[in-house]
Amino acid sequence: MTKTISILFVTVLLILSGCGKGGDNQPNDNQDSDEKTGIKSMDDFVDNMKEVQKNMEEGQKYEVVDFRDLKALLPESLGDLNRTNAQGEKNGTMGFTISKAEADYYNEDNSKSLNIEITDLAGASGFAGLAAWGWAMVDIDKETETGYEKTTKYKGHKAYEKYDNEGVYGSLEVLVSGRFMVNIDGNNVPMETIQSALDEIDIAKLESMSKANPVSE
């Protein structure tokens, strides 16, 4: 599925990069129809990406929040897993600025682990910004003999869940208010443990920060 999304994304970049371009820069009545592929899933993906791009270009701009505020949302422990480290940073390159905090959690003999990462994507722009949304632009529902992956909802926010029963590992991601990405990876733990870890993060606090640090025009 990841490979499929990557192919779709490259296709979208080519389509979006060609939008509005032409020798005389005049509107083309056939432009919308020319950009359609005839494949509903891909056309829906393109439409969603265009909407995200439009919102980034025309909507209110924000500076990323202090990573220390994100770090404060990381639990000290998760059941029998204790936090072994917590760190945060703000960095930017090629028009992509993010603020991020993450922590690792292990049980006493290090046989089980979780990693939590909270990222503020408000500083994303252009195609780099579009890439940050990835799976949020599609609907996924896939099942194999060893596991599954699917898009779903968590407290009203788009989420992506993936688990491998054979390898006993999985991940859960939530895009909060179109700005914050919460990602939890688990090794040698059931999906229920990963879901419980997500419940320990104050999603309401992230929601309240969604309009933080507006940039004055």
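## Starting at a hairpin

Strands β6 and β7 make a hairpin with 2 residues between them, and Lys155 in that turn has a positive phi of about 50 degrees. Keep in mind that this is a predicted model. The two strands run antiparallel and are joined by 8 bridges, with β6 covering residues 147–154.

On its other pairing, β7 runs antiparallel to β8, this time with 6 bridges. That second hairpin leaves 4 residues between the strands, and here it's Val168 that takes a positive phi, near 55 degrees. Of the 8 residues in β7, 7 are buried, so the strand is largely enclosed by the rest of the structure.

## Following Lys162 across the strands

Lys162 in β7 is a handy marker for reading across these strands. Glu149 stands opposite Lys162, and Glu149 itself sits in strand β6. Looking the other way, Lys162 has Ser171 of β8 as its bridge partner.

How exposed or buried is Glu149? With a relative accessibility of 6%, Glu149 counts as buried. If you want a distance to go with that, the C-alpha atoms of Glu149 and Gly170 are 9.3 Å apart in space, while the two residues are 21 apart in sequence.

## A buried glutamate without a partner

Glu173 belongs to strand β8, and it's worth a look. Glu173 is buried but has no salt bridge. Which side chain of opposite charge is nearest to Glu173? That would be Lys162, and it is 8.5 Å away. A salt bridge here needs a side-chain nitrogen within 4 Å of a carboxyl oxygen, so a gap of 8.5 Å doesn't qualify.

So what does Glu173 touch? Leaving out residues up to four places away in sequence, the list is Trp135, Lys158, Ala159, Tyr160, Met181, Val182 and Asn183.

## The charged pairs that do meet

Side chains of opposite charge can pair when their charged atoms come close. The whole structure has 4 salt bridges, and three examples follow.

Let's take Asp120 and Arg179 to begin with: their closest N and O atoms are 2.8 Å apart. Asp120 lies in strand β4 and Arg179 in the loop between β8 and β9, so this pair ties together parts that are 59 residues apart in sequence. Both ends are tucked away: Asp120 is buried at 0% relative accessibility, and Arg179 is buried at 4%.

Lys100 and Glu89 also form a salt bridge, with 3.6 Å between the closest N and O atoms. That pair links distant parts of the chain, with Lys100 in strand β3 and Glu89 in strand β2 (residues 81–93), 11 residues apart. Lys100 is buried, with a relative accessible area of 18%, whereas Glu89 is partly exposed at 35%. Then there's Asp66 with Arg68, whose side chains meet at 3.0 Å, N to O. Asp66 is partly exposed at 34% relative accessible area, and Arg68 is exposed at 52%.

## The nonpolar cores

In soluble globular proteins, nonpolar side chains tend to be buried together. In this model the largest nonpolar core has 30 residues, and those with the most contacts inside it are Leu114, Ile118, Leu198 and Leu206. At least two residues each come from β3 (96–106), β4 (113–124), β7 (157–164), β8 (169–176), β9 (180–187), α6 (191–199) and α7 (203–208). The largest share, 4 residues, is from α6.

What surrounds Ile118? Setting aside neighbours within four places in sequence, Ile118 is in contact with Leu70, Leu73, Leu74, Ser99, Lys100, Ala101, Met181, Val182, Ile201 and Leu206. Lys100 on that list is the residue that pairs with Glu89 in a salt bridge, and Met181 and Val182 also touch Glu173. There is a second, separate core of 10 residues too, including Leu121, Ala136, Met137 and Leu175.

## The whole chain

Zooming out, the protein has 7 helices and 9 strands. Of its 217 residues, 40% are buried. Among contacts with a separation of 6 or more, 56% are between residues 24 or more positions apart. The accessible surface of the protein is about 12,200 Å², and carbon and sulfur atoms account for 46% of it.

Technical notes:
Residues are numbered from 1 along each chain as its sequence is written. This is a predicted model: local features need pLDDT of at least 70, side-chain atom pairs count only at pLDDT 80 or more; totals for chains, interfaces and linings use all residues. Side-chain values use heavy atoms; hydrogens and water are left out. A nonpolar core is a set of buried Ala, Val, Leu, Ile, Met, Phe, Trp, Tyr and Cys residues joined through side-chain atoms within 4.5 Å. Buried means under 20% relative accessible area, exposed over 50%, partly exposed in between (1.4 Å probe, protein chains only). Contact means heavy atoms within 4.5 Å. Lys and Arg count as positive and Asp and Glu as negative; His and the chain ends are not counted. Accessible areas come from the Shrake-Rupley method with a 1.4 Å probe; for residues, only the protein chains shown count as cover. Two strands pair if DSSP finds at least two bridges between them.
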